[in-house]
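Please open the structure in your viewer and keep the selection tool at hand. The tour below proposes a series of selections and explains what each one shows.

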Amino acid sequence: MAKKITLTKLNPHINALREMAMTASEHAYSPYSKAKVGAALLTTDGNYYAGCNVENSSYGATVCAERVAIFQAVSQQKKISIEYIYIYSKDGWPPCGMCRQVLSEFQSPNLIVIIGDKNGTKQIVRFKDLMPMSFTPHFLLKKG
Ligand code: ZN
């Protein structure tokens with residue numbers, strides 16, 4: 001059973017993250033699925049980044065909103081550690097497996113994943129509960 005998340009620390013950020021994710025979703029390039037997804041993240045050092053899904057006629061080249069937001073952060077900061085990520089879609093979709101793996105690469109120890117739909121914030125979960133036993137850089141960077 002997952003521990004209940006205390007919202008005190010999260011509350012000041014949740015509206016900003018939701019707003020950024022919703023705005024990003026409006027820029028989605030999704031002519032095939034018609035799904036508009038936006039993601040916004042906050043790094044542990046206080047920087048916000050957002051992204052939308054970008055589809056491609058060669059479907060495998062499609063990139064989800066979460067990864068676009070993460071890559072945006074990586075391209076602008078030397079090292080990122082994600083504290084919160086808000087994922088917005090009309091129906092409140094959770095992150096796919098590939099995005100969970102990419103999140104595991106840049107997660108802070110207490111990464112919180114927030115999922116919102118058209119009616120508001122739907123779920124708030126710890127990344128550790130969303131993807132237990134994830135394959136992290138720790139395994140490859142482990143010394144001797
Ligand atoms: Zn994804």
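At what angle do α2 and α3 pack, and how far apart are their axes? Please keep this question in mind during the first stop; the model on the screen is a predicted one.

**The whole chain**

Begin by selecting the entire chain, which has five helices and five strands. Followed along the sequence, these elements appear in the pattern α-β-β-α-β-α-β-β-α-α. The radius of gyration is 15 Å, close to the 15 Å that the globule rule gives for 144 residues, so the chain is as compact as a globular protein of that length. Its C-alpha trace spans about 50 × 35 × 30 Å along the principal axes. Of the 144 residues, 33% are buried. Among contacts in the chain with a separation of 6 or more, 63% join residues 24 or more positions apart.

**Helix α2**

Next, select residues 65-76, which form helix α2. At 1.5 Å a residue, its twelve residues should span 16 Å, and the end C-alpha atoms are 17 Å apart, which agrees. Now colour A65, E66, R67, V68, A69, I70 and A73, which are buried in α2. Show α1, β1, β2 (48-52), β3 (82-89) and α3 (97-106) as well, since the buried residues of α2 pack against these elements. A general point helps when viewing any such element: an α-helix has 3.6 residues a turn, so residues three or four places apart point the same way.

**The pair α2 and α3**

Keep α2 and α3 on display to answer the opening question: the two helices pack at an angle of about 25 degrees, and their axes are 9 Å apart. Angles under 35 degrees count as roughly parallel, which is why α2 is described as roughly parallel to α3. The crossing of α2 past α3 is left-handed. To view the contact, select E66, R67 and I70 of α2 together with C99, V102, L103 and F106 of α3.

**Two loop residues**

Move now to K34, in the loop between α1 (11-25) and β1 (37-43). Its phi is near 65 degrees, a positive value in a residue other than glycine. Is K34 buried or exposed? K34 is exposed, because it has 9 other C-beta atoms within 10 Å, and a residue with 12 or fewer counts as exposed.

Finally, select M133, placed in the loop between α4 (127-130) and α5 (137-141). M133 is not a glycine, yet it has a positive phi of about 55 degrees. With 7 C-beta neighbours inside 10 Å, M133 also counts as exposed.

Methods. Residues are numbered from 1 along each chain as its sequence is written. This is a predicted model: local features need pLDDT of at least 70, side-chain atom pairs count only at pLDDT 80 or more; totals for chains, interfaces and linings use all residues. Helices (H or I, at least four residues) and strands (E, at least two) are DSSP runs, numbered from the N terminus. A residue is buried if 20 or more other C-beta atoms lie within 10 Å of its own, exposed if 12 or fewer, and partly exposed in between; C-beta atoms are placed from the backbone. The expected span of a helix is 1.5 Å times one less than its number of residues. Two residues are in contact if their C-beta atoms, placed from the backbone, lie within 7 Å. The radius of gyration is taken over C-alpha atoms; the globule rule is 2.2 Å times the number of residues to the power 0.38. Axes are lines fitted to C-alpha atoms, for helices over the stretch in contact, and angles run from 0 to 180 degrees between N-to-C directions. Angles under 35 degrees count as roughly parallel, over 145 as roughly antiparallel, 65 to 115 as roughly perpendicular and the rest as oblique. A crossing is left-handed if the near helix is turned anticlockwise from the far one by less than a right angle, and right-handed if clockwise.
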